[in-house]
Each structure stands twice: as structure tokens, then as C-alpha cells.
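Please walk through the sheet of this protein and the helices that pack around it, keeping an eye on how far the model can be trusted.

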Amino acid sequence: MEHQALYRRYRPQRFDEVIGQAHVTETLSREVIDEKIAHAYLFAGPRGTGKTTTARLLAKALNCTDPQANGEPCNSCVSCEGITSGTSLDVIELDAASHNKVEDIREIRINVGTVAAAGGARRIYILDEAHMLSRAAGNALLKTLEEPPGHVVFVLATTEPYKVLDTIRSRCQRFDFHPVQAETLGNYLGEIARRESFTVDQQALSLVASHAQGSVRDAMSLLEQVAALGAGTVNAAGVTRALGLADSDAYTILATAIVEQDAPAALGLVARLSSQGTDLRRFVSEGVSFFRGVFLAQYAPNLEEIVEEPPDAIAQWRTVAKTMPVSDVLRSVDQLAEALLNLRQGREERLVVELAVLRLARPDISPDAEALDSRIAHLEGRVRDLAAAVANGGAGNGGAASSGAAPAPQASFAPPGETAAPAMGVPPTTEPAPPATHKEETPGPDASDTSTTTPLPLEAAQPPADVQPATTLALEQCSAIWPSVVARVRDVVGPRRHALLKEASPSRVDGATLILAVPEHLPFHLEQLRHDDELMIAVGRIVAESSDGTVEVQFEGATDSATPGAATGSAERASKTDQAGATDSLETEPERVPDKDDLLNAGEAGTDPTTLVQDILGGEIVKD
């Protein structure tokens, strides 16, 4: 017996055998029962979802001499057997790719008037890939499609319905065929494998169904190919080998190399896949899908409801999502998508893939903004974990820090809305670490939250106990060094606090205390600065480097005078002013400059202009 492909051998012969398209088959069977058949149908959907098969089943149901009560054909009469074998004269199948001219449509219009072979039967014209019709051919078909003879039914099938003329779509009853769900398709493949006596495992069937992307024909062709490769055994290794796929651990290795910035591991992965005969183009394509899944796992808690993937693939996404920052995930999607475009242009496959993974693992060699964001995120994570390690080590372990240098903790990341896991060997902090930010924040209505900046280490927060307060602190000295203090404090307290501090300036000195004035039109800045102890300590430490002891810092409004120091300063300034006035009164009052009216009333002979200029400006006349 001649061999037939699985998808031909197991082609559905009844409406209820079509999987995944119940909304179509139930409607058609109901129309057959009620004898309310449309004169033209348009079946639209992806490849391998049952469009042509359903058209043949409709032809069977319309011409069956012994139909069942539920509208199903009997599959035993002469008409049904002829349609099954493809010898029926009442079913004409054409492809629009080779019948897309006006002459071909004219021939169809002539043949439409031919009566059916059997009395009372219908003639069904099945036109595959209807979107391939030219505009002229489509317009030539309009009249026949709109008013065919009563015994003629047109069925147009297409994978690209948007290319079909609007005038044709409006004359047809449209049915949309959907991609078959992976779980449904996997169960169907298991039934086919049981009938064929294949030895299969569920993981292999899930892998086949996933890569078929909802196409039953593609899934059955791949199942037959893998079964032939494995001599009747279908397993995950055989599917991977037949498709040239990378194993599932390859993407986890790549994600780890990106997080740890391990370029040798990433390049070694590409070399291993290439030596195994893996299709690098498919590896990049599947990599885009993998990191898309990781991105969805970071933002969608109901992941099972929005994707159709095996449970083990979803679990793998969630595992990677807990350790990989969002910036790296998005950058991976962009870089791999760009590499896929280069591969489709015929570039050297291995070179393109190596460059892509190298840019992912080493963002410092890439000048784009996404790579810069990734580098900043890594640095912020390391600084945050280091500060937490120092704080907890100094508070809980006493002299543990002095016993030896502790290894640098690894940066930890968490998806949005979750708390980052502590690094290996580092106890958890009392408060969750804030999410990494990549852009500077300007002070706004919500800037009161000081947890968004990097906390100061304990040794930077407390002054040494054996240092006395400064005795030589002067306002002129503080004003001279203030620009450098503001510039240096940014690296210690972060950009948000730095933006607040820039509005303050040295106002006066009270012993070892430096009072900084904030303009009165910035009350919010003043309120934030007055309650920021860490900022005042950091500014005091920097100012103390130019003095002989410790310096305290306080903030006040530009018009504040409530403190004792302010009152004392005001009294001193008033006293000095009075003394200066008394001294000036003893001196001879300088000659008053004449007013404009005085000059006008004086007349021409009253004042000599030259003499007046000499007196006022203290000049002299020089003659050449």
C-alpha cells in the first residue's frame, strides 16, 4: 500500500473530528440541519488549521444521500466516498495562485452553469489562497459570487484575509480559524502516536506542539519526522535534533552569563551550539521568545493565563526573572531581535550571534543608552548590597569587619513589585532594598522619601569620638570652599539630596556650627534639609577637612532670626553700624552734588561746566 503522510491519513472525515475549531464546525452543521446554507463562505486563518478540510466536510454534508440527524455526513454513500478520494465531479478545488487571471475566472463563470452530476446535488467550488487573485480577476468574480445558481456554493480559503478585496469579503459569510492551543494539540498528537504505536514521552509532544505554533499539519509532519529519526521513539532529544534546536538549559546559561557579565561563558555557549549542529538562526529566534517570557514573568503574576507554554518552560522563565534585572531582559530582546534581522539579510551566522551575545555579556563595550542603563543598574546593585553588608556586619558582628577583608557580595535583583533576595552570605536588611533607578530625579511633591538614595555607611555617619569641635571655623572660609563641598557631597548622598542642597548657602557661623540659609521661597527644601540627619553629617565631615575639629551643620530660612546665635549676630551688626555712624558724623560732610534744578536756576554765568566737572570727578585739564 502506498505510504501517506500522517496529516493525510488522519484528515478529519466528520465535523466533530476537527480539533480546535468548534465555533466553525458547530455553526456549519447547524446550517446544514436547518438548510440555511449561504451561497459563499470565506474561511480565514493560519496554515494547517483545517480550512480546506472543513470545506470538504461541508461539501460532504451538502451532498450526502444519508446524512445524520446532527448534520454529519455518513461517509459511506457514493458521494461521500467520492469526495474523500478526491474523484467527485461536484467538488472543484482550485488554487488562486495559478488561476488568478480574468481568463480563469471567465472559465469558472462558464462552468458554474453546469448542472451537478447527481440529481439534487450541489456543486462546491473551493478556491484556496483566495488573496492571490488579481484585482481584475476578483472584480470579474463579483457578479457570479454574489448571485450564483442555486446549486452552486463557493468556499474561499485564505491565510491573509486583509488582502482579499472588500467587495469579495462583503459577499461571503466569514469564519475565522484560530491556532490550536498547545495543550489540545499535544493531546491529539498523543492519540495519533498511540494509533501508530510510537513510543513517546509527554515532554516531546509538548515540544512538538509548541513549535508547531497552532498548526495541526505542521505538528503531525514533525511528529512523523521525529518518529522516523528515532525508529518509532519520540523523545525530547529527538525533537531537538530534528529541529536543530538548542537544549532548554542553553538559555539559562546565556541569562546567567548576561547577569554575571561573563563574556567567555557566552561565547563558549555559541561555540558549543555550533559544534552540535544547532541552527543558530533558530537559536536567536527562540532566544527572543525566551526573554519575552522572562519579561512577562516579571510583570504578569497570572502568566499561565496569557501564554500557552508547557509548565516547565514557565517555571524556567520565573526562575530567571528573579535573578535578571529588567534592563538586561529588555536589552536582550532588542539585541537578539537586531541579530535576527542581520541573519535574515544573509550575514555570517556565527559572527552575528557571537557579536550579539558579546554585547549582552559586556555592556561596557556598547555605546547605546540601554547598555549604559544596564551598567548603572549593576553598579547600584553592588553598592546597595555592599552598604547593607557593611551596616549589618558592623552592627551585629562587632569586630568582624576588623578580622579580615570580607568578599564583595554579588548584586541581587528582583522583578518589579518584589523584594530583592539578599546576596550569598549577607544577612537580610531590616528594610527592603529600593529598586534601582537609572535617571536622576528632581525634587518634587513626593521627594520626602529618602529611601531612594544609597544609605551612608556607618563609618561615614558618625564622627570619630576623639576629635574635638572646631575652634577656627570662619564664615569666609566656609563660603570659599562651599562650591567644592556641594560638588563632593553628590557622590555621597545621591542626586536628589544634592539638588536640595544646591539651594542652600553659608549664612553665619556659631562656634563649631555652620548655619546654611535656604531662600524663603523654598519652604519645601528647608523642611527636607532640616530633617535629613545623614546629609548634615556628610556635609559636616567634608567641611571639617578644612578646620581643626568636627563641624555641625544646621539649616535655617533666609529670614530666620529665632536662634540665640542669630540674635547675637544681629546685635553685633547693629552695634557696628552705630559705631560706624558715629565715626562718620565726626568727619567733614562731603560737598553735595548739585541737583538738576539748581543747575537750571543758576543761569549761564552761575557755574562753569568745566570747573564743575573738575570738582566732581577730580580731574585736571591737560593741554597739548
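The paragraphs below begin with confidence, go on to the sheet, and end with the helices.

This is a predicted model, and its average pLDDT is 77, with 75% of the residues scoring at least 70. Two stretches deserve caution: over residues 395-461 the pLDDT is below 50, although the model gives this stretch 86 contacts beyond near neighbours in sequence, and over residues 560-590 the pLDDT is likewise below 50, with 9 such contacts in the model.

The sheet is open and has 5 strands, which follow one another in the order E2-E3-E4-E1-E5 with parallel pairing. Because strand E2 (91-95) and strand E5 (173-176) stand at the edges and each has a single partner strand, one side of each is left without a neighbour in the sheet. From one strand to the next, the twist averages 15 degrees. Within this arrangement, strand E1 (residues 40-44) runs parallel to strand E4 (residues 152-158), and 5 bridges join the two; Phe-43, for instance, has Ala-157 in E4 as its bridge partner. Helix H3 (residues 51-63) packs on the sheet, where it touches E1, E2, strand E3 (123-128) and E4, and the direction of H3 makes about 175 degrees with that of E3.

H3 also has helical neighbours, and the first to consider here is helix H2 (residues 22-34), which packs with H3 at an angle of about 20 degrees, the axes of the two being 10 Å apart. Since angles under 35 degrees count as roughly parallel, H2 is therefore described as roughly parallel to H3, and the crossing of these two helices is right-handed. Val-24, Leu-28 and Val-32 on the H2 side meet Thr-54, Leu-58, Ala-61 and Leu-62 on the H3 side, so that by residue class the contact divides into 6 nonpolar, 1 polar and no charged.

The packing of H3 with helix H4 (residues 78-85) has an angle of about 165 degrees, with the axes 9 Å apart, which makes H3 roughly antiparallel to H4. H3 passes H4 in a right-handed crossing. In this contact Arg-56, Ala-59, Lys-60 and Asn-63 of H3 meet Ser-79, Cys-80, Ile-83 and Thr-84 of H4, and the residues involved divide into 3 nonpolar, 3 polar and 2 charged. H3 thus appears in each of the packings described here, touching strands of the sheet, packing with H2 and packing with H4.

Methods
Residues numbered from 1 in each chain as written. Predicted model: local features only at pLDDT ≥ 70, side-chain atom pairs only at ≥ 80, totals over all residues. Heavy atoms only, no water. Pairing = 2+ DSSP bridges. Helix = DSSP H or I, 4+ residues; strand = E, 2+ residues; numbered from the N terminus. Axes fitted to C-alpha atoms, helices over the stretch in contact; angles between N-to-C directions. Contact = heavy atoms within 4.5 Å. Parallel < 35°, antiparallel > 145°, perpendicular 65-115°, else oblique. Left-handed = near helix turned anticlockwise from the far one by under 90°. pLDDT = per-residue confidence, 0-100.
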